[in-house]
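This report goes through one protein model, from a single residue to its salt bridges, its core and its main pocket. Keep the sequence and the structure in view while reading.

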Amino acid sequence: MDTTYNWSRLEPLVKNTDGLEQAVVSLVAGMTASNGTHSAYMDTMLPLTVDKDNFIPFEELTQEWAVAHAEKWAEDNDVRASLDKQLEAAEARPTSKPFSWQQPAPEPSE
């Protein structure tokens, strides 16, 4: 199965600054990769510069705006390649498995 990548976290951090209300000063961006069996996740906090001359009110910011900032981080830092390595490592790890003659521990009674 091909690996899929999606932005599973786009969280703006806002504050009033320089006379501007609810300016986005940082964006937490998190990407999840999945290969159908395993998943991997990376995130970061992107500091943003508030441009008073080109300010967009918080209510008008679109998903495309947030994804554009996140994609730049992903491209600049080879995030997809790092996630691929996490998935490869998960595939290579051995998993714990009980023998057929082992019984699960009984549930404690109250």
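Leaving out residues within four places in sequence, T17 is in contact with A23, V25 and V50. The model is a predicted one. T17 belongs to strand β1. Is T17 buried or exposed? Its relative accessible area is 18%, and T17 counts as buried because the limit for that word is under 20%.

**Salt bridges**

How many salt bridges does the structure hold? There are four. Three of the pairs are set out below, with the distance between the nitrogen and the oxygen.

| Salt bridge | N to O distance |
|---|---|
| R9 and D43 | 3.3 Å |
| R80 and E71 | 3.0 Å |
| K72 and D76 | 2.6 Å |

Take the pair R9 and D43. R9 is found in strand β1, which covers residues 4-17, while D43 is found in strand β3, residues 39-47. The two partners are 34 residues apart in sequence, so their salt bridge ties together separate parts of the chain. R9 is partly exposed, at a relative accessible area of 31%, and D43 is also partly exposed, at 37%. A further residue, E11, is linked with R9 and D43 in a network of salt bridges.

The pair K72 and D76 is set within one element. Both residues are in helix α1, which runs over residues 63-76. They are four residues apart, which is about one turn of the helix. K72 is exposed, with a relative accessible area of 53%, and D76 is exposed as well, with 52%. Exposed is the right word for both because the limit is over 50%.

In the pair R80 and E71, the partners fall into separate classes of exposure. R80 is partly exposed, with a relative accessible area of 28%. E71, by contrast, is buried, with a value of 19%.

**The nonpolar core**

Which residues have the most contacts inside the largest nonpolar core? They are W7, A29, M31, W73, A74, V79 and L83, in a core of 16 residues. The elements that supply two or more residues to this core are β2, β3, α1 and α2, the last of these covering residues 79-92. Strand β2 has the largest share, with five residues.

L83 can serve as an example from this core. With residues up to four places away in sequence left out, L83 touches Y5, M31, A33, A40, Y41 and M42. One of these, M31, is also listed among the core residues with the most contacts.

**The largest pocket**

Rolling a probe the size of a water molecule over the atoms shows where empty space is left. In this model, the largest pocket has a volume of about 190 Å³. Its lining is made of 14 residues, and those nearest its centre are V24, T49, V50, D51 and W65. V50 has already appeared in this report, as one of the contacts of T17.

Which elements give two or more residues to the lining of the largest pocket? They are β2, residues 20-34, and α1. Of the elements, β2 gives the most, with three residues. Sorted by class, the lining has nine nonpolar residues, four polar ones and one charged one.

Strand β2 thus links the last two sections: β2 supplies the largest share of the core, and β2 also gives the most to the lining of the largest pocket.

Technical notes: Residues are numbered from 1 along each chain as its sequence is written. This is a predicted model: local features need pLDDT of at least 70, side-chain atom pairs count only at pLDDT 80 or more; totals for chains, interfaces and linings use all residues. Side-chain values use heavy atoms; hydrogens and water are left out. A salt bridge is a side-chain nitrogen of Lys or Arg within 4 Å of a carboxyl oxygen of Asp or Glu. Buried means under 20% relative accessible area, exposed over 50%, partly exposed in between (1.4 Å probe, protein chains only). On a 1 Å grid over the protein atoms alone, a cavity is a set of points where a 1.4 Å probe fits but cannot get out, and a pocket is an open set with protein on both sides within 12 Å along at least five of seven lines; lining residues have an atom within 4 Å of a point. Grid points are joined across faces, edges and corners, and a volume is the space filled by probe spheres set on the points. Ala, Val, Leu, Ile, Met, Phe, Trp, Tyr, Cys and Pro count as nonpolar, Asp, Glu, Lys and Arg as charged, and the others, Gly among them, as polar. A nonpolar core is a set of buried Ala, Val, Leu, Ile, Met, Phe, Trp, Tyr and Cys residues joined through side-chain atoms within 4.5 Å. Contact means heavy atoms within 4.5 Å.
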